[in-house]
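Student: I've just opened this one and don't know my way around yet. Can you walk me through it?
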Amino acid sequence: MKHAHLATSPRLQRLLKVLREADGELSTMDLITRAALVAPSTAVSELRENGCEISCRCEAQPNGSRRYFYQLRKG
């Protein structure tokens, strides 16, 4: 996958700012609304390619769906 570079990508810069300002984990929906993203998991992957460490936790819901939560560890 070709990834964007943090230095030249306003999208990745917005996401990193949101992750840095977070007090704990953020859900996929949090990232969509706070960073104005369409595909947050892709942007997280691109940040990882730029050297950021971001954890991801999956939580199963009673209805069988899954919710994902992200937290910046280093970046």
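Student: Which strands does α3 lie across?
Tutor: This is a predicted model, to start with. α3 lies across β2 and β3. It runs at about 150° to β2.

Student: And α1, what does that lie across?
Tutor: α1 lies across β1, β2 and β3. Its angle to β3 is about 85°.

Student: What about the sheet, which order do the strands take?
Tutor: The order is β1-β3-β2, in an open sheet with antiparallel pairing. β1 (26–27) and β2 (53–60) are the edge strands, each pairing on one side only.

Student: How many bridges join β2 to β3?
Tutor: Eight, and the two strands run antiparallel. As one pairing, C56 has Y70 in β3 as its bridge partner.

Student: Back to the helices. At what angle do the axes of α1 and α3 cross?
Tutor: At roughly 90°, and the axes come within 10 Å. Angles of 65 to 115 degrees count as roughly perpendicular, so α1 is roughly perpendicular to α3.

Student: Which residues meet there?
Tutor: From α1, R11, L12, L15, L16 and L19; from α3, A43, V44, E46 and L47. By class, that contact has seven nonpolar, two charged and no polar residues.

Student: New topic: the largest nonpolar core. Which residues touch the most other members?
Tutor: L15, L19, L31, L47 and I54, out of 17 residues in that core. α1 (10–21), α3 (40–49) and β3 (66–74) each give two or more residues. The largest share, five residues, comes from α1.

Student: What is L15 in contact with, leaving aside neighbours within four places in sequence?
Tutor: L31, A35, L37, A43, V44 and L47.

Technical notes: Residues numbered from 1 in each chain as written. Predicted model: local features only at pLDDT ≥ 70, side-chain atom pairs only at ≥ 80, totals over all residues. Heavy atoms only, no water. Core = buried A, V, L, I, M, F, W, Y, C linked by side-chain atoms within 4.5 Å. Buried < 20%, exposed > 50% of the residue type's maximum accessible area, 1.4 Å probe, protein only. Helix = DSSP H or I, 4+ residues; strand = E, 2+ residues; numbered from the N terminus. Contact = heavy atoms within 4.5 Å. Axes fitted to C-alpha atoms, helices over the stretch in contact; angles between N-to-C directions. Parallel < 35°, antiparallel > 145°, perpendicular 65-115°, else oblique. Nonpolar A, V, L, I, M, F, W, Y, C, P; charged D, E, K, R; others polar. Pairing = 2+ DSSP bridges.
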